[in-house]
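Please have the sequence and the coordinates open side by side while reading. The paragraphs below are meant to be followed residue by residue.

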Amino acid sequence: QVQLVESGGGLVQAGGSLRLACAASRSIFSMNSMGWYRQAPGKQRELVVAIITGGSTNYADSVKGRFTISRDNAKNTVYLQMNSLKPEDTAVYYCYGGLLEGGRWRDFWGQGTQVTVSS
């Protein structure tokens, strides 16, 4: 089992910045995938960015150039730096971890952190 705990959400004006953090209960270096998803009211959960083994990243088109994922393996923490925030970025942001273990893929989710961008 992997516990993921997000922090850093809040209220910010459009054009502002926030940094989210996701602390994992095990080595993130051993995880096959880490990333961030978000879910706005009345919408489906969507990928924001994922980073996979080897360091490749996959950003949603809507956040490219504005959001950056990074990780600190020593702290078992993944970050999401969000710049130039827009009202449409308002959502609950979830940390995600994927692990291939014993031939089975397992998904892990944090509890979510609210990000609200005011216009």
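What follows goes from an open sheet, through its strands and loops, to a pocket and the contacts among its lining residues.

The model is predicted, so to speak of local features a pLDDT of at least 70 is required, side-chain atom pairs count only at pLDDT 80 or more, and totals for chains, interfaces and linings use all residues. Residues are numbered from 1 along each chain as its sequence is written, and side-chain values use heavy atoms, with hydrogens and water left out.

The sheet comes first. Four strands, in the order β1-β3-β8-β7, form an open sheet with antiparallel pairing; its edge strands are β1 (4-7) and β7 (67-72), each of which pairs on one side only. Averaged over neighbouring strands of this sheet, the turn of one against the other is 20°, direction ignored. Three definitions apply here. Strands (E, at least two residues) are DSSP runs, numbered from the N terminus, and two of them pair if DSSP finds at least two bridges between them. For the angle, axes are lines fitted to C-alpha atoms, and values run from 0 to 180 degrees between N-to-C directions.

Starting at one edge, β1 and β3 run antiparallel and are joined by 4 bridges, with Ser 7 standing opposite Ala 21 in β3. In a regular strand the side chains alternate between the two faces of the sheet. Along β1 this can be followed residue by residue: Leu 4 and Glu 6 point to one face and are buried, whereas Val 5 and Ser 7 point to the other face and are not buried. Here buried means under 20% relative accessible area, exposed means over 50%, and partly exposed lies in between (1.4 Å probe, protein chains only).

The next pairing is that of β3 (residues 18-24) with β8 (residues 77-82), two strands that run antiparallel and are joined by 6 bridges; within it, Leu 20 stands opposite Leu 80 in β8. Ala 24 also belongs to strand β3, and it counts as buried because its relative accessibility is 15%. Between the C-alpha atoms of Ala 24 and Val 78 the separation is 8.2 Å, although these residues are 54 positions apart along the chain.

At the other edge, β7 and β8 pair in the antiparallel sense over 6 bridges, and Arg 71 has Val 78 in β8 as its bridge partner. The hairpin of β7 and β8 has 4 residues between the strands, and there Asn 76 takes a positive phi near 50°. Which other residue has a positive phi although it is not a glycine? It is Ser 84, with a phi of about 50°; Ser 84 lies in the loop between β8 and β9 and is partly exposed, because its relative accessible area is 42%.

The loop between β8 and β9 (91-101) also holds Asp 89, which is buried because its relative accessible area is 1%. The side chain of Asp 89 is joined to that of Arg 66 by a polar contact of 2.8 Å, a polar contact being a pair of N or O atoms within 3.5 Å, of which, within protein, one must be able to donate a hydrogen and the other to accept it, while residues adjacent in sequence count only if both atoms are side-chain atoms.

Arg 38, in strand β4 (residues 33-39), is likewise buried, because its relative accessible area is 6%. Its side chain is joined to the side chain of Glu 46 by a polar contact of 2.7 Å, and the side chain of Arg 38 makes a further polar contact, at 3.4 Å, with the side chain of Ser 62.

These residues return in the lining of the largest pocket, which includes Arg 38, Glu 46, Ser 62, Arg 66 and Asp 89. By class, this lining has 2 nonpolar, 3 polar and 7 charged residues, where Ala, Val, Leu, Ile, Met, Phe, Trp, Tyr, Cys and Pro count as nonpolar, Asp, Glu, Lys and Arg as charged, and the others, Gly among them, as polar. The volume of the largest pocket is about 160 Å³. On a 1 Å grid over the protein atoms alone, a pocket is an open set of points with protein on both sides within 12 Å along at least five of seven lines, and lining residues have an atom within 4 Å of a point; grid points are joined across faces, edges and corners, and a volume is the space filled by probe spheres (1.4 Å probe) set on the points.
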